[in-house]
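Q: I'm new to this one and would like a close look at a single part of it. Please start from one residue and walk me outward from there.
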Amino acid sequence: MISQLDTKIIGRKIYHFDTIDSTNLFAKILIKKGTEEGTVVVADIQSSGRGRKDRTWSSPKGGLWFSIVLYPIISPKSGMIATMAASVAVAKGIEEITGIKPVIKWPNDLLINGKKVCGIFTELDARKDIINNVVVGIGVNVNNKIDEELNKIAMSLVDEVGTEISIDELLRSILINLDETYNKLIHNDYDSIRESWHSYSNIIGKKIQVQDDDIITTGKVTDVDEDGCLILDTENGSVKIVSGDLTYL
Ligand code: BTN
């Protein structure tokens, strides 16, 4: 359990569980009770960890599984900037604690040596043109063993570092970094968040394929726009990609 943080918004209230179904689900229960912005829910084990696109997220002991409650006053179409801020904070935290610089893979995965070390699942509750709340769920493989069937595509920090990493120190570092990036977000300094995001990403100029349900788009990335969407140069011209799974070609 980490000690009280001297942050402005993030992690001033932290709920810790040995085991819970999903920290995202518990965060939503706390929102109904009016919990303060920046509340963090962290668990040693999740019995029903959830990922993007209804996927399950394996969450055994040894990993860092947590969610953060945010109430940003931004339009829903800018919601992606919250995920970008979180990706940057996790990348900085990992770099500070391990010395290894991860790569951000659009939209929200962190990779080391081409393998996924962190996934981010942002759940946004919005009315027409205003966000009610955002739950940013973050899963980092730290000291946990990766399931056999995922070995080719996922890794744990311990695999690269060679010795166990302090989960508390990593969480502390991520939350302090997120406090900084989130303050930029609420002051509309999106440019600075995007700049940091690009310093961990290598996507511009890459030829990629994005699959969103049945729709597959192939092209070269020319930009990530102010809403965090990918701009692809395809054979049918410029196409804006809002979500999907990306493969480098
Ligand atoms: C992905 O699909 O890549 C995102 C995975 C996000 C997993 C985290 S673990 C903490 C939080 N609680 C959940 O149930 N999911 C997120």
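Where does Asn132 lie? And what can you tell me about the surroundings of the ligand, starting from there?

A: Before anything else, keep in mind that this is a predicted model. Asn132 lies in strand 7, the run of residues 130-140. Is it buried or exposed? Asn132 has a relative accessibility of 26%, so it counts as partly exposed. In space, the C-alpha atom of Asn132 is 9.9 Å from that of Ser75, a residue 57 positions away along the chain.

Now let's move from Asn132 to the ligand. The ligand takes up the space of the largest pocket. Strand 7 is among the elements that give two or more residues to the shell around it, and the others are helix 1 (23-32), strand 3 (64-70) and strand 6 (115-127). Of these contributors, strand 6 gives the most, with four residues.

Who comes nearest? There are 20 residues around the ligand, and the nearest are Ser22, Gln46, Arg50, Arg52 and Lys116. If you sort the shell by class, you get ten polar residues, six nonpolar ones and four charged ones.

Three of those nearest residues are worth zooming in on. In Ser22, an N or O atom of the side chain sits 2.8 Å from an oxygen atom of the ligand. Gln46 has a polar side-chain atom 2.9 Å from a ligand nitrogen. For Lys116, an N or O atom of the side chain is 2.6 Å from an oxygen atom of the ligand. As for how covered the ligand is, it would expose 420 Å² if taken alone, and the protein buries 99% of that.

Gln46 is a handy place to step back into the protein. Its side chain makes a polar contact, at 2.9 Å, with the side chain of Ser59. You'll find Ser59 in the loop between strand 2 (40-46) and strand 3. With just 5% relative accessibility, Ser59 falls under the 20% cut-off, so it counts as buried. The side chain of Ser59 also reaches the backbone oxygen of Trp57, at 2.8 Å. So Ser59 has polar contacts with the Gln46 side chain and the Trp57 backbone, and Gln46 in turn is one of the residues that come nearest to the ligand.

Stay in that loop between strand 2 and strand 3 for a moment, as Lys53 is found there too. Its backbone has a twist to look for: phi of Lys53 is positive, about 55°, although the residue is not a glycine. That is worth a second look because most residues other than glycine have a negative phi. Lys53 has a relative accessible area of 34%, so it is partly exposed. From Lys53 to Asp125 it is 72 residues in sequence and 16 Å in space, C-alpha to C-alpha.

Strand 6 leads to one more stop. Ile120 falls within its range of residues, 115-127, and the side chain of Asn108 reaches the backbone oxygen of Ile120 at 3.0 Å. Asn108 itself lies in the loop between strand 4 and strand 5. It has 6% relative accessibility, so it counts as buried. That loop holds Pro107 as well, between strand 4 (103-105) and strand 5 (109-112). The peptide bond from Trp106 to Pro107 is cis, with omega near 0°. For context, most peptide bonds are trans.

Two last residues round off the tour. Asp213 is found in the loop between strand 8 (207-212) and strand 9 (215-224). Like Lys53, it has a positive phi without being a glycine, here near 50°. Its relative accessible area is 60%, which is over the 50% cut-off, so Asp213 is exposed. Finally, Lys240 is in strand 11 (residues 237-241) and counts as partly exposed at 45% relative accessibility. The C-alpha atoms of Lys240 and Val221 are separated by 9.9 Å, with their positions 19 residues apart along the chain.

Definitions and conventions: Residues numbered from 1 in each chain as written. Predicted model: local features only at pLDDT ≥ 70, side-chain atom pairs only at ≥ 80, totals over all residues. Heavy atoms only, no water. Near = heavy atom within 4 Å. Polar contact = N/O pair within 3.5 Å; in protein donor to acceptor, adjacent residues only side chain to side chain. Areas by Shrake-Rupley, 256 points an atom, 1.4 Å probe, with all protein chains shown as cover. 1 Å grid on protein atoms, 1.4 Å probe; cavity = no way out; pocket = protein on both sides within 12 Å on 5 of 7 lines; lining within 4 Å. Sits in = over half its atoms within 2 Å of the grid points. Nonpolar A, V, L, I, M, F, W, Y, C, P; charged D, E, K, R; others polar. Buried < 20%, exposed > 50% of the residue type's maximum accessible area, 1.4 Å probe, protein only.
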